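Thanks for coming, everyone. Please bring the structure up on your screens, and I will go through a few parts of it slowly.

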Amino acid sequence: MVVDTDLVILLQQCVKARPKPAPPRRKRNEITKENNRMCEIAEVYKIDKTKARKPHKCRECGGVIAKGEIYNRHHGVFDGSGFDSRVCLDCDALRAEVDKDKPSVYDQTCVEELGEVVFGSGNTGLIRAFITNKRKRGAPVTDWQAALLEELERPKTQGDAP
Ligand SMILES: [Zn+2]
């Protein structure tokens, strides 16, 4: 078998130049660039206060939005596709709290990303509020979420002094 050295070099260069594999599919109205979370701006983005005509599931906490309850409907068009996410007012209040020191829309918490941002923050108050809301609305709290809160709430010991 004859090996074409030039071709091998060319192929190696191609492999090197090939972009990294695509990250797992993101929600339509968000994008992650490297480790820097960013919202990409949707072509159309509206938040409507809506009264639930039937029970819905909040897209942030996973809990129940009861019939007759007012919730926020985040909807619009992103990258040519429509999106429509129902979010309870408790979660959007928490989002406002999370984003209060983030004036740029690019840094703010994308819809359907609240849980990831809250648990990633390591902020006891935010995590407690999110878990409390999940429980209130009948959403499952996973073992690691409960364990993380327990760990954060545990009084800090001064270490084992001899
Ligand atoms: Zn919610």
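Let me begin with two helices, α4 and α5, where α4 passes α5 in a left-handed crossing. I should say straight away that what we have here is a predicted model, so please keep that in mind as we go along.

Helix α4 covers residues 124–136 and helix α5 covers residues 143–153, and the two pack at an angle of about 140°, with their axes 10 Å apart. Now, how should we describe α4 and α5 relative to each other? Angles over 145 degrees would count as roughly antiparallel, and because the angle here is about 140°, α4 and α5 are oblique to each other.

If you look at where they touch, you will find Thr124, Ile127, Arg128 and Ile131 on the α4 side, meeting Gln145, Leu148, Leu149, Leu152 and Glu153 on the α5 side. Sorted by character, the residues of this contact between α4 and α5 comprise 5 nonpolar, 2 polar and 2 charged.

Let us turn to the sheet. It is an open sheet of 3 strands, in the order β3-β6-β7, and the pairing is antiparallel. The edge strands, each of which pairs on one side only, are β3, at 44–51, and β7, at 81–88, and from one strand to the next the twist averages 20°.

Strand β6, which spans residues 70–78, pairs with β7 in the antiparallel sense over 8 bridges, and if you find His74, its bridge partner in β7 is Ser85. Finally, helix α2, residues 89–98, lies across β6 and β7, and it runs at about 100° to β7.

Methods. Residues numbered from 1 in each chain as written. Predicted model: local features only at pLDDT ≥ 70, side-chain atom pairs only at ≥ 80, totals over all residues. Pairing = 2+ DSSP bridges. Helix = DSSP H or I, 4+ residues; strand = E, 2+ residues; numbered from the N terminus. Axes fitted to C-alpha atoms, helices over the stretch in contact; angles between N-to-C directions. Contact = placed C-beta atoms within 7 Å. Parallel < 35°, antiparallel > 145°, perpendicular 65-115°, else oblique. Left-handed = near helix turned anticlockwise from the far one by under 90°. Nonpolar A, V, L, I, M, F, W, Y, C, P; charged D, E, K, R; others polar.
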